[in-house]
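Trainee: Could you walk me through one part of this model up close? I'd like to start from a single residue and then see how its surroundings fit together.

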Amino acid sequence: VVKVVVEDVNDHPPVFQQRYYEARIMENSDTFPEPFVLTARDADLNGEYNESRSKVHPPEWRPKKNFTIRPLTGQILPTAPLDFEAIDQEGDIRYFNLTEKAFDLGEPSSE
């Protein structure tokens with residue numbers, strides 16, 4: 001009898017569970033009303049070296065770093081309460097576009 005064991009390698013990049021995420025926050029609040037969490041998964045076998053983690057790549061125009069992300073949970077949090085009038089945009093709506101990129105701990109890491 002010959003037994004061949006095929007082991008999973010890290011050959012799939014993490015993919016976000018949703019294509020688009022949106023949350024609302026009240027002015028001067030330091031938390032979102034509901035937890036704002038981004039999740040990414042990959043098709044590789046879950047294990048110590050295939051665990052997905054996330055990090056935020058902030059746009060160049062965002063000098064104050066208004067948000068942070070918890071790498072292990074994907075939860076986005078404001079770094080301080082936001083002042084509506086201090087956000088430089090036209091019109092009555094103020095928003096931030098964050099660019100999120102997921103990576104995993106596999107060897108080599110998949111992005």
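Mentor: Let's start with glutamine 75, which counts as buried because its relative accessibility is 17%, below the 20% cut-off for that label. Keep in mind that we're looking at a predicted model. Glutamine 75 sits in strand E6. Leaving out residues up to four places away in sequence, glutamine 75 touches Pro35, Phe36, Val37, Thr68, Ile69 and Arg70.

Two of those contacts, Phe36 and Ile69, lead us into the largest nonpolar core. That core has eight residues in all: Tyr21, Phe32, Phe36, Leu38, Phe67, Ile69, Ile76 and Leu82. As a rule, nonpolar side chains in soluble globular proteins tend to be buried together. Take leucine 38 as an example of a core member. With residues up to four places away set aside, leucine 38 touches Tyr21, Ile69, Thr73, Gly74, Ile76 and Glu100. Tyr21, Ile69 and Ile76 on that contact list are core members too.

Now follow the core to phenylalanine 67. The structure holds three aromatic pairs. In one of them, the ring centres of phenylalanine 67 and phenylalanine 96 are 5.2 Å apart and the planes meet at 80°, so the pair counts as edge-to-face. This pair ties together distant parts of the chain: phenylalanine 67 is in strand E5 (residues 67-69), while phenylalanine 96 is in the loop between strand E6 (75-78) and strand E7 (99-104), 29 residues apart. Are the two partners buried or exposed? Phenylalanine 67 is buried, since its relative accessibility is 13%, whereas phenylalanine 96, at 21%, is partly exposed. Zoom out a touch and you'll see one aromatic cluster made of Phe32, Phe36, Phe67 and Phe96. Of these, Phe32, Phe36 and Phe67 also belong to the largest nonpolar core.

Phenylalanine 96 takes us on to the largest pocket, where Glu22, Ala23, Arg24, Tyr95 and Phe96 are the lining residues nearest the centre. The pocket has a volume of about 900 Å³ and is lined by 28 residues. Sorted by class, the lining comes out as 19 nonpolar, two polar and seven charged residues. Glu22 and Arg24, both among the residues nearest the centre, are of the charged kind.

Next, stay with the loop between E6 and E7, because proline 81 is there as well. At 48% relative accessible area, proline 81 is partly exposed. Which residues does proline 81 touch, not counting residues up to four places away in sequence? They are Asn28, Ser29 and Asp30. The C-alpha atoms of proline 81 and serine 29 are 4.9 Å apart, although 52 residues separate the two in sequence.

Serine 29 is in the loop between E1 and E2. It counts as buried because its relative accessibility is 19%. Beyond its neighbours within four places, serine 29 is in contact with Pro78, Ala80, Pro81 and Leu82. Leu82 brings us back to the largest nonpolar core, since it is a member.

One place before serine 29, asparagine 28 lies in the loop between strand E1 (15-16) and strand E2 (36-37). Asparagine 28 is exposed, given its 53% relative accessibility. Its phi is near 65°, a positive value in a residue other than glycine. For context, most residues other than glycine have a negative phi.

Two more spots are worth a click. Proline 14, in the segment before E1, is buried, as its relative accessible area is 11%. Its C-alpha is 9.0 Å from that of aspartate 44, 30 residues apart along the chain. Phenylalanine 103, in strand E7, counts as partly exposed because its relative accessibility is 21%. Its C-alpha is 7.1 Å from that of proline 13, 90 residues apart in sequence.

To put all this on the whole chain: there are zero helices and seven strands, running β-β-β-β-β-β-β from the N terminus. Of the 111 residues, 27% count as buried. Among contacts with a separation of 6 or more, 65% come from residues 24 or more positions apart. The proline 81 and serine 29 meeting, 52 residues apart in sequence, is a nice one to look at with that in mind.

Notes: Residues numbered from 1 in each chain as written. Predicted model: local features only at pLDDT ≥ 70, side-chain atom pairs only at ≥ 80, totals over all residues. Heavy atoms only, no water. 1 Å grid on protein atoms, 1.4 Å probe; cavity = no way out; pocket = protein on both sides within 12 Å on 5 of 7 lines; lining within 4 Å. Points joined across faces, edges and corners; volume = space filled by probe spheres on them. Core = buried A, V, L, I, M, F, W, Y, C linked by side-chain atoms within 4.5 Å. Buried < 20%, exposed > 50% of the residue type's maximum accessible area, 1.4 Å probe, protein only. Contact = heavy atoms within 4.5 Å. Phe/Tyr/Trp six-rings, centres within 6.5 Å; stacked < 30°, edge-to-face > 60°. Helix = DSSP H or I, 4+ residues; strand = E, 2+ residues; numbered from the N terminus.
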